[in-house]
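Subject: Structure for your review

Dear colleague,

Please find below the sequence and structure that I am handing over to you. My findings follow directly after them.

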Amino acid sequence: MNILFDERLDGELARRDKAEVLTDIQQAVPTLTLLHREEDLRPFECDGLAAYRVLPMLVALPENLEQVEALLKRCHALDVPVVTRGAGTGLSGGALPLEQGVLLVMSRFNKILSVDPDARLARVQPGVRNLAISEAAAPYGLYYAPDPSSQIACSIGGNVAENAGGVHCLKYGLTVHNVLRVDVLTIEGEHMTLGAESLDAPGFDLLALMNGSEGMLGVVTEITVNLLPKPETAKVLMASFDDVEKAGRAVGDIIAAGIIPGGLEMMDKLAIKAAEDFVKAGYPLDAEAILLCELDGVEADVDDDCETVRRVLEKAGATQIQQARDEAERAKFWAGRKNAFPAVGRMSPDYYCMDGTIPRRELPRVLKGIAALSEQSGLAVANVFHAGDGNMHPLILFDANKEGELALAEDVGGKILELCVAAGGSITGEHGVGREKINQMCSQFQADEISVFHALKAAFDPKRLLNPGKNIPTLARCAEFGAMHVHNNELPHPELPRF
Amino acid sequence: MTDLAIHAADCDISKRLCDQVRTAYETRTPLRIVGGDTRAFYGRPVEGQPLSMAEHNGIVSYDPVELVVTVRAGTRLSALQAALAEHHQMLPFEPPSFGEDSTIGGAVATGLSGPRRPWAGAARDFVLGTRVITQEGKLLRFGGEVMKNVAGYDLSRLMTGAQGTLGVLADISFKVLPIPTASHCLRLSMSLDDALGTLAKLGRQPLPITAAAWHAGELFIRLEGGTSSVKATQESLGGEPLEASFWASLRDHTHDFFNVNEGQALWRLSLPPNTAPLALDIPETDIFYDWGGSQRWVKTALDAQTLRAACQAAGGHATCYTPNAQGGASEPFTPLNAVLEKYHRNLKTQLDAHGIFNPGRLYAAF
Ligand SMILES: Cc1cc2nc3c(=O)[nH]c(=O)nc-3n(C[C@H](O)[C@H](O)[C@@H](O)COP(=O)(O)OP(=O)(O)OC[C@H]3O[C@@H](n4cnc5c(N)ncnc54)[C@H](O)[C@@H]3O)c2cc1C
Ligand SMILES: Cc1cc2nc3c(=O)[nH]c(=O)nc-3n(C[C@H](O)[C@H](O)[C@H](O)COP(=O)(O)OP(=O)(O)OC[C@H]3O[C@@H](n4cnc5c(N)ncnc54)[C@H](O)[C@@H]3O)c2cc1C
């Protein structure tokens, strides 16, 4: 599949002469840093989905809101599309540029505007790195809960746009649960505040709508996040299993025991090996799967919960259970998990990371389906899994230099996502649709549902200038893709109900 | 109630509801979506043909281990809560119930949350997915029954609190949580200033607090969590024990405070955490501080503009809960600024072109 913008399917874009657009914007916003030479544009040609690259027409690096506002107004007047970019760590091509578009890079908005420990709020600019917020809050014993594995690099603006999650989501929620207010500029250059520092705001919940909207509805210019007191203690148990399905069932057993762990992660044999080779986390190499279960809170409760979880794990057939003895060992256990992607990256020239979600009870079936796909295609798949909330990250190993392997990996990836949808899940839990999963949207949603999404988009951006071609496929694309689908409709589990 | 009793009333009338909506769309007839008719007082009056949800009733699926329940919108709140309680689970946002007939659809459409809100989250935070009847009478699915799902725009959360002005909620999926193992409620004699200071200090510590209110010289606190931490916090805070039902009376407005005098209106002020008492001419006894101070109930004859200006200056807003009372505000909800109003209108036009869904319920224009 070629995922680059295709006007035939994705809609026409206005043709503008690059030199004219450049002159126009330079004149309207003389202080704005605008890059236009090929060598300057090159570093911006892709995000974290590096297999796909496009040189944007122009790159804008604004430093203040007046510049963003003026730029948007000119682009709106000229019908020039705008793709917003944060730190460019996105894994779904959400910030993939357009040849005929301006790439609006928000990285210079990198100030923490205020931290109010008594109200437990921080006001930050969109280019601030996720981890920097927790660092700024740490002196007050507070932190910002959502912790994507990319947190040292990714921006909070990108987190809002993707509704990013992390290993602590089951207990502490996603970005949408931890953001109180965002300031937005519309494509017409109007300022709009969504949400408030109070716990609700009048009117529709546009704040919730903006979270996860992938830069399609507006440009996020400021964010107020909720801070939480750091738990008094956190303890982590590592359980080994000789069978992936047993590990999967143990996850449900822990929750059935009335416990909501701070983090509950699972890795399969290949992922364990990769992580162990890379960071020496102390993982058992003979296990088919491990579970990492972190319990956090007040010391006394955590000790009680550790006991309960230990009993549950034993009963579920764990072959070994280890509790991290101290903070250093806890950090080591987590380092393996948090570095799982780069670790797998060392085992194979390329890997392709999927992000499907499923009801946890479907885990054994879906894992079987993935194993079958891996066998059929000859491509190895390592499984890393936010087990607590049913978010899978199968990593498909391939070599892009081998003829046809990228296409094969994408094909396997697409089929894994269809398995997730068929199991009652979703094609993306946290990485977003972006450009990457644009076709799979057609298998998760019916045409009527997609039409409602287009109606929402039209309410904010009727000219379709913000990030065109991302997130929501056109019906033309679905018709084409759907037709292809019917033709080789060979889902591994045709007996599963479709939604 | 037993599972059997709940399922006895099960009924899926979504087809009929879709037909009714389609007809309304074709004939441009406004609809008044009716759940249990218990929140009639809330919001602006709606003129329209009733679209009755009450019969669309029953739990579609509930898997305690997944922490997910899907219910039809006409299901009684009390029936859902009873079914969850059998598995020691709950709706964490503690929806207020203004009567036995309150429906889950009405609770989500109004988006109101109880005392646990600042610690656990709001109604919308626990909505995972919905089936919605759109203006053309189509039953469509948004979100899902999984914890994480970022495919497409979050229509389910947009519908939460929209009071049925963007579409009809047919089925709703929620994330549910275990009922905490231990709980203890206490009251402490304390001035308002000391209470607000104490709450700010406690808020920075990882304590198992899940409700905090202040009224007439007393600070009320609920602790919920593990047995050990609740006991330890109880010992360190001291105070006198408090009936757990206190929180339900605050949530459902059955507490004596909510007897509003002639000439007064009941207002809800929503303010940033740690906002100092507003400089308004209201006796302390006519204010009830909930949500650790972020939600303040006020009985007053002051006019809407005065109240709203004070709230806005502090970064919050004010809602009138007795719009029909003498002294109540004809606009119960704080008016939107021009840009926000424009995008609200655009959304309404896109999702409800002929204005058939609860027209005028939120604001006169939509
Ligand atoms: C005597 C009397 C007085 C009245 N006074 C008023 C009044 O002062 N103000 C007023 O606004 N109305 C008034 N009404 C009209 C009517 O009661 C409400 O508008 C009614 O629609 C509110 O719903 P409810 O209380 O049944 O639903 P609740 O179940 O309490 O629902 C509250 C809100 O949610 C909406 N809703 C409920 N279920 C759904 C669903 N499944 N999908 C989408 N939206 C849903 C309702 O339309 C309403 O906006 C009155 C009616 C009577 C008979
Ligand atoms: C190794 C690795 C691990 C990762 N782990 C996780 C994880 O655990 N959980 C997770 O959720 N994600 C994870 N990600 C994905 C990624 O880091 C997140 O999606 C992150 O939120 C993207 O932020 P960014 O600033 O890099 O955004 P970008 O990649 O620059 O942009 C992402 C999207 O957001 C939009 N956008 C960016 N800024 C703005 C703005 N100011 N206003 C409007 N729209 C904007 C863009 O248009 C684009 O659609 C991981 C990525 C990598 C490389």
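Five strands of chain A form an open sheet in this predicted model. Their order is β5-β6-β10-β8-β9, and the pairing is antiparallel. At the edges stand β5 (112-116) and β9 of chain A; each has a single partner strand, so one side of each is left without a neighbour in the sheet. From one strand to the next, the twist averages 15°.

Within this sheet, strand β8 (residues 179-185) of chain A pairs with β9(A) in the antiparallel sense, over five bridges. Two of the residue pairs may help you to find the register on screen. A:V184 has A:M192 of β9(A) as its bridge partner, and A:R181 has A:G195, also in β9(A). The hairpin made by β8(A) and β9(A) has five residues between the strands, and there A:G189 takes a positive phi near 85°. Helix α4 (residues 65-78) of chain A packs on the sheet, where it touches β8, β9 and β10 (219-226) of chain A. The direction of α4 makes about 55° with that of β8(A).

A further open sheet in chain A consists of seven strands in the order β15-β12-β14-β13-β17-β18-β16, with antiparallel pairing. Its edge strands are β15 (320-323) and β16 (350-353) of chain A, each of which pairs on one side only. The twist here averages 15° from one strand to the next. Strand β13 (residues 263-268) and strand β17 (residues 381-386) of chain A pair in the antiparallel sense over two bridges; the bridge partner of A:M266 is A:F385 in β17(A). Helix α12(A) lies across β12 (233-241), β14 (289-297) and β15 of chain A, and runs at about 5° to β12(A).

I turn now to the interface between the two chains. Chain A and chain B bury about 6500 Å² between them, and 61% of this is on carbon and sulfur atoms. Three residues, A:L199, A:P202 and A:F204, supply 13% of the area that chain A buries against chain B, more than any other three residues. The contact involves 88 residues from chain A and 68 residues from chain B.

As for polar interactions, there are nine salt bridges across the interface of chain A and chain B. One of them joins A:R361 to B:E66, with the closest N and O atoms 3.9 Å apart. Between the two chains, 31 residue pairs are in polar contact, counting pairs with both residues at pLDDT 80 or more.

Several elements give two or more residues to the side of chain A that touches chain B, among them α7 (169-172), α8 (175-178), β9 (191-195), α10 (244-256) and α12 (299-315) of chain A. Edge strand β9(A) of the five-stranded sheet therefore also takes part in the interface. The largest share of this side, 10 residues, comes from α18(A). By residue class, the side of chain A that touches chain B divides into 43 nonpolar, 25 polar and 20 charged residues.

Yours sincerely

Notes
Residues are numbered from 1 along each chain as its sequence is written. Chains are lettered from A and ligands numbered from 1 in the order in which they are written. This is a predicted model: local features need pLDDT of at least 70, side-chain atom pairs count only at pLDDT 80 or more; totals for chains, interfaces and linings use all residues. Side-chain values use heavy atoms; hydrogens and water are left out. Contact means heavy atoms within 4.5 Å. Buried area is the accessible area (1.4 Å probe) that two parts lose on being put together, summed over both. A salt bridge is a side-chain nitrogen of Lys or Arg within 4 Å of a carboxyl oxygen of Asp or Glu. A polar contact is a pair of N or O atoms within 3.5 Å; within protein, one must be able to donate a hydrogen and the other to accept it, and residues adjacent in sequence count only if both atoms are side-chain atoms. Helices (H or I, at least four residues) and strands (E, at least two) are DSSP runs, numbered from the N terminus. Ala, Val, Leu, Ile, Met, Phe, Trp, Tyr, Cys and Pro count as nonpolar, Asp, Glu, Lys and Arg as charged, and the others, Gly among them, as polar. Two strands pair if DSSP finds at least two bridges between them. Axes are lines fitted to C-alpha atoms, for helices over the stretch in contact, and angles run from 0 to 180 degrees between N-to-C directions.
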